[in-house]
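User: Please take a close look at one part of this protein, the strands and the loops that connect them. Set that part in the context of the rest of the structure.

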Amino acid sequence: MEADIEFVAPCQREIDAYIQNNVTVFAYSFDYVPKSPIFEVEKKMFSLFGNEPVTITRKDQTLKDRKLEAFHGLDHAFIFSKGYSSNFEIRPFTKEDENMAKILTNMITNFAKTGDPSTARFKWPMFGGNKSTEHVSINLPPKIIQGELHWPHPKFWNVEAELISRHAAHEGEVPVDPDADLTNEERVQLSAYRRAWWALWLLVAVLAIVVWGIVIYAVVSKGSSPRNKPYDNIVITR
């Protein structure tokens, strides 16, 4: 959820803003995962070891019971680099990794030169928001993916949460009518949703009454059954 709030939702909002202002957008997700281990280096200070920083190295790789997936910033190790980024390194950097680096670097340089990241062998489609939801999965080979780039994660934070915050009354303020900004068509839809919501609760109440009626009838019927009455025609002689 933290990643959705701090990165995914703002990224999607920025893309939507560019599209609304007729700015060409080429969207992608970096999905390539190297087969070599990824060594992440971090320096931390521990009072137990004095004033010198302690270097901590973590090794991440795909195992039989755990598949390593592409993470945020992994593509930096393939742009004008051979597997090295600010805090991690891919070792060894294989021939397959070099091919990925060449493809991605070529795309980045083409975008910087011409505004289009397409290459001689791959046509990168523009991302058009609601008009065209095609983005590129950067992998070997690159693929065109149909559908939303971040769906459905940013929708709540960029739409519903903003609507709630806009109409939520702060201290000393008068609550704003949440229906004030709706169009006539949206008002009709909202009214239909409300009627459907109340109809659903009415159906639940009716079903509950029917079920309890059946249970009560079964209990009463069983209690009044002749089989449950004590026998009065048995004579015991001694």
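**Strands, loops and their surroundings**

Analyst: Phe80 is exposed, with a relative accessible area of 60%. The model is a predicted one. Phe80 sits in the loop between E3 and E4. Its phi is positive, near 55 degrees, although the residue is not glycine. Most residues other than glycine have a negative phi, and most peptide bonds are trans.

Asn22 is another non-glycine residue with a positive phi, of about 60 degrees. Asn22 belongs to the loop between H1 and E1. Its relative accessibility is 72%, so Asn22 counts as exposed, the cut-off being over 50%.

Two loops also carry cis peptide bonds. One joins Arg91 and Pro92, with omega about -10 degrees. Pro92 lies in the loop between E4 and H2. The other runs from Leu140 to Pro141, with omega near -5 degrees. Pro141 is in the loop between E5 and E6.

Now the strands themselves. The protein has four helices and six strands. Along the sequence they follow the pattern α-β-β-β-β-α-β-β-α-α.

Three of the strands make an open sheet in the order E3-E2-E4, with antiparallel pairing. E3 (54-60) and E4 (88-90) are the edge strands, each pairing on one side only. On average, neighbouring strands of this sheet are turned by 20 degrees against each other, direction ignored. E2 (residues 38-44) and E3 are antiparallel and share seven bridges. Within that pairing, Lys44 has Val54 of E3 as its bridge partner. In a regular strand the side chains alternate between the two faces of the sheet.

E5 (residues 134-138) pairs with both E1 and E6. E1 and E5 run parallel and are joined by three bridges. There, Ser29 has Ser137 of E5 as its bridge partner. E5 and E6 (residues 143-146) are antiparallel, with four bridges. Ser137 appears again here, with Lys143 of E6 as its bridge partner. E5 and E6 form a hairpin, and four residues lie between them. The cis bond from Leu140 to Pro141 places its proline in this same loop. Four of the five residues of E5 are buried, so the strand is largely enclosed by the rest of the structure.

What does the largest nonpolar core draw on? E4, H2 and E5 each supply at least two of its residues. The core holds 19 residues, and those touching the most other members are Phe30, Leu74, Phe78, Ile90, Met100, Trp124 and Ile138. H2 gives the most, with four residues. In soluble globular proteins, nonpolar side chains tend to be buried together. Over the protein, buried residues make up 23% of the 238 residues.

The strands also reach the largest pocket, which has about 980 Å³ of space. Of the 32 lining residues, the closest to its centre are Phe7, Cys11, Tyr28, Ser29 and Asp75. Ser29 thus has two roles in this account: bridge partner of Ser137 and one of the residues closest to the pocket centre. The elements giving two or more residues to the lining are H1 (2-20), E1 (28-30) and H2 (95-114). H1 has the largest share, six residues. By class, the lining has 22 nonpolar, six polar and four charged residues.

Key
Residues numbered from 1 in each chain as written. Predicted model: local features only at pLDDT ≥ 70, side-chain atom pairs only at ≥ 80, totals over all residues. Heavy atoms only, no water. 1 Å grid on protein atoms, 1.4 Å probe; cavity = no way out; pocket = protein on both sides within 12 Å on 5 of 7 lines; lining within 4 Å. Points joined across faces, edges and corners; volume = space filled by probe spheres on them. Nonpolar A, V, L, I, M, F, W, Y, C, P; charged D, E, K, R; others polar. Pairing = 2+ DSSP bridges. Axes fitted to C-alpha atoms, helices over the stretch in contact; angles between N-to-C directions. Buried < 20%, exposed > 50% of the residue type's maximum accessible area, 1.4 Å probe, protein only. Core = buried A, V, L, I, M, F, W, Y, C linked by side-chain atoms within 4.5 Å.
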